[in-house]
Amino acid sequence: MATIIQERLAEVKNRLPEEVRLVAISKYHPASAILEAYDAGQRIFGESRVQELQDKQQCLPADIEWHFIGHLQSNKVKYIAPYVSLIHAVDSFRLLEEINHRAQRAETERLSRGLSPKIRVLLQLHVAQEETKFGFTPEECKAFLDSAPWRQLEHVEIAGIMCMASFTDNAEQIAQEFAQAEAFFKMAKQRYFADAPSFCECSWGMSDDYLIAIEHGSTLVRVGSYIFGPRNYA
Ligand SMILES: *Cc1c(COP(=O)(O)O)cnc(C)c1O
């Protein structure tokens with residue numbers, strides 16, 4: 001019999017169009033919860049704290065595709081570089097450079113795990129109304145793509161854009177923010193990545209807004225509490 005986690009997982013997956021992948025956000029939930037989803041076929045999991053990801057990665061199946069979704073401090077990149085598949089929230093050249101450096105150093109280990117030697121990353125775009133110190137504004141992101149020497153970093157691959165919508169019940173506002181991110185993605189693809197098919201990911205949509213996100217170009221939805229239940233922050 002399916003567990004509650006497995007039922008919720010199936011429910012979300014059934015609502016996703018074929019081209020949209022689910023990142024099951026397992027932060028603050030135990031490895032046993034991840035295994036329930038794993039046993040139902042889920043392979044992509046997202047975590048937001050380095051130590052927690054380390055602990056889980058070490059005890060869980062090797063074919064899990066780990067995504068790092070939170071704010072990543074430069075001094076912690078080295079811990080996850082050997083096994084991480086996608087880093088969702090890059091918002092500075094300094095962080096990108098450090099990921100590049102650590103990808104280079106972890107190349108042998110990444111290859112031995114069957115991973116791409118390049119670490120794929122997404123640029124975090126700030127489209128929500130809340131004040132936050134994380135993420136590029138669209139203007140900053142454009143300036144970054146125009147002027148930062150990111151093309152010289154050979155061990156990272158900018159694979160798309162990530163954003164979070166405002167924390168609100170206003171579906172229209174959320175839709176507008178995702179539409180803004182989608183327009184930015186399309187502009188960036190045309191202007192900076194025209195010959196790079198690897199620039200293809202739009203990471204938006206969480207438990208409360210993933211159905212809106214898939215109407216606005218999302219290719220990766222990050223759903224946590226709807227599948228795993230409320231988080232215990234204690
Ligand atoms: C926690 C988190 C999620 C998942 O949020 P839910 O509302 O539990 O689905 C998605 N994205 C990011 C960046 C997060 O930190």
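Colleague: Is Thr219 buried or exposed?
Modeller: This is a predicted model in which local features need pLDDT of at least 70 and side-chain atom pairs pLDDT 80 or more, while totals for chains, interfaces and linings use all residues. Residues are numbered from 1 along each chain as its sequence is written, and side-chain values use heavy atoms, with hydrogens and water left out. Buried means under 20% relative accessible area, exposed over 50% and partly exposed in between, with a 1.4 Å probe and protein chains only as cover. Thr219 has a relative accessibility of 16%, so the class is buried.

Colleague: Which side chain does the side chain of Thr219 make a polar contact with?
Modeller: Thr219 lies in the loop between α9 (210–213) and β8, where helices (H or I, at least four residues) and strands (E, at least two) are DSSP runs numbered from the N terminus. A polar contact is a pair of N or O atoms within 3.5 Å; within protein, one must be able to donate a hydrogen and the other to accept it, and residues adjacent in sequence count only if both atoms are side-chain atoms. At 2.6 Å, the partner of the Thr219 side chain is the side chain of Glu201.

Colleague: What is the relative accessible area of Ser26?
Modeller: Ser26 belongs to the loop between β1 and α2. Its side chain has a polar contact of 2.6 Å with the side chain of Glu47. Ser26 is classed as buried because its relative accessible area is 0%.

Colleague: Tyr28 lies in the loop between β1 and α2; what is its relative accessible area?
Modeller: That loop runs between β1 (21–25) and α2 (31–39). Phi of Tyr28 is near 70°, a positive value in a residue other than glycine. Tyr28 counts as partly exposed because its relative accessible area is 25%.

Colleague: Which residue of the protein has a polar backbone atom 2.8 Å from an oxygen atom of the ligand?
Modeller: Residues around the ligand have a heavy atom within 4 Å of it, and they include Ile25, Lys27, Met164, Arg222 and Gly224. Lys27 has a polar side-chain atom 2.7 Å from a ligand oxygen, and Arg222 has one 2.8 Å from a ligand nitrogen. The backbone atom 2.8 Å from a ligand oxygen belongs to Gly224.

Colleague: How much of the ligand's accessible area does the protein cover?
Modeller: Accessible areas come from the Shrake-Rupley method with a 1.4 Å probe. On its own, the ligand has 390 Å² of accessible area. The part covered by the protein is 89%.

Colleague: Which elements give two or more residues to the shell around the ligand?
Modeller: By class, the shell has 6 nonpolar, 3 polar and 3 charged residues. Here Ala, Val, Leu, Ile, Met, Phe, Trp, Tyr, Cys and Pro count as nonpolar, Asp, Glu, Lys and Arg as charged, and the others, Gly among them, as polar. The elements that give two or more residues are β6 (156–164) and β8 (220–223).

Colleague: How far apart in space are Tyr226 and Leu9?
Modeller: Tyr226 is in helix α10 (residues 225–228). This residue is partly exposed because its relative accessibility is 24%. Tyr226 and Leu9 are 217 residues apart in sequence, and their C-alpha to C-alpha distance is 8.4 Å.

Colleague: What separates the C-alpha atoms of Asp63 and Ile44 in space?
Modeller: Asp63 is placed in the loop between α3 (50–59) and β3 (65–68). At 43% relative accessibility, Asp63 is partly exposed. Asp63 and Ile44 are 19 residues apart along the chain, and their C-alpha atoms are separated by 9.2 Å.
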